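Hi there,

Here is the structure I promised to send over. Have a look at it first, and then read on.

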Amino acid sequence: MSLKQFNVTYLPHEDRIVFRFNTVDQSEYKFWLTRRLTHFILTATSKFVEKEYNQHPHTVENVISQTQQAESQAPSFNQAYTPGTKFPFGVDAILVMDVKCEMIQIEEQDIFSLDFLLPGGGNINLKLPMPVMKSIYLLLEEQNMNAKWGNPTITFH
């Protein structure tokens, strides 16, 4: 499954974020994220981004190279979101029950594994290059501020 676009929107009447994405084959997936899950994703992502930042030197050349790489890998989020035509999980958004986040290495590249646990025991796993996850992070952070949910305060054990 190759991501084409993603979209993150806070819906005040639901007090939830709808996270949706579509793929190059026009499939669309929609998920509800609660404040707790949004804060968990933001906290986990920031920990991995901080670790990556501390491990790699950040010269001007590296920042430019990383920005160009991010633009080439990232699904579109600057354009208007184009809904899919196929809905493998149905048209309505599914409430995510829990989420697991982990950093993995695939072909010497840092990949952020975002695993949504769904009702009934199902799940969907997104393996996202860090530049893509950073984009999702920024969108989630923006919607967290729109929702006035405050700063994430989740601690890891």
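Below are some notes on the core, the aromatic rings and one asparagine.

A word on the basis: this is a predicted model, in which local features need pLDDT of at least 70 and side-chain atom pairs count only at pLDDT 80 or more, while totals for chains, interfaces and linings use all residues. Residues are numbered from 1 along each chain as its sequence is written, and side-chain values use heavy atoms, leaving out hydrogens and water.

The largest nonpolar core (buried Ala, Val, Leu, Ile, Met, Phe, Trp, Tyr and Cys residues joined through side-chain atoms within 4.5 Å; buried is under 20% relative accessible area, exposed over 50%, partly exposed in between, with a 1.4 Å probe and protein chains only) has 33 residues. Phe19, Phe31, Ile41, Leu114 and Phe116 have the most contacts inside it. Helix 3 gives the largest share, 8 residues (helices, H or I of at least four residues, and strands, E of at least two, are DSSP runs numbered from the N terminus).

The whole structure holds 8 aromatic pairs (Phe, Tyr and Trp rings, the six-membered one for Trp, with centres within 6.5 Å; planes under 30 degrees apart are stacked, over 60 edge-to-face, the rest tilted). Phenylalanine 21 and phenylalanine 31 are stacked, 6.3 Å centre to centre with 25° between the planes. Phenylalanine 31 also pairs edge-to-face with phenylalanine 89, at 6.2 Å and 80°. Phenylalanine 31 counts as buried because its relative accessibility is 0%, whereas phenylalanine 89 is partly exposed at 37%.

Finally, asparagine 123 lies in strand 7 and is partly exposed at 42% relative accessibility.

Best wishes
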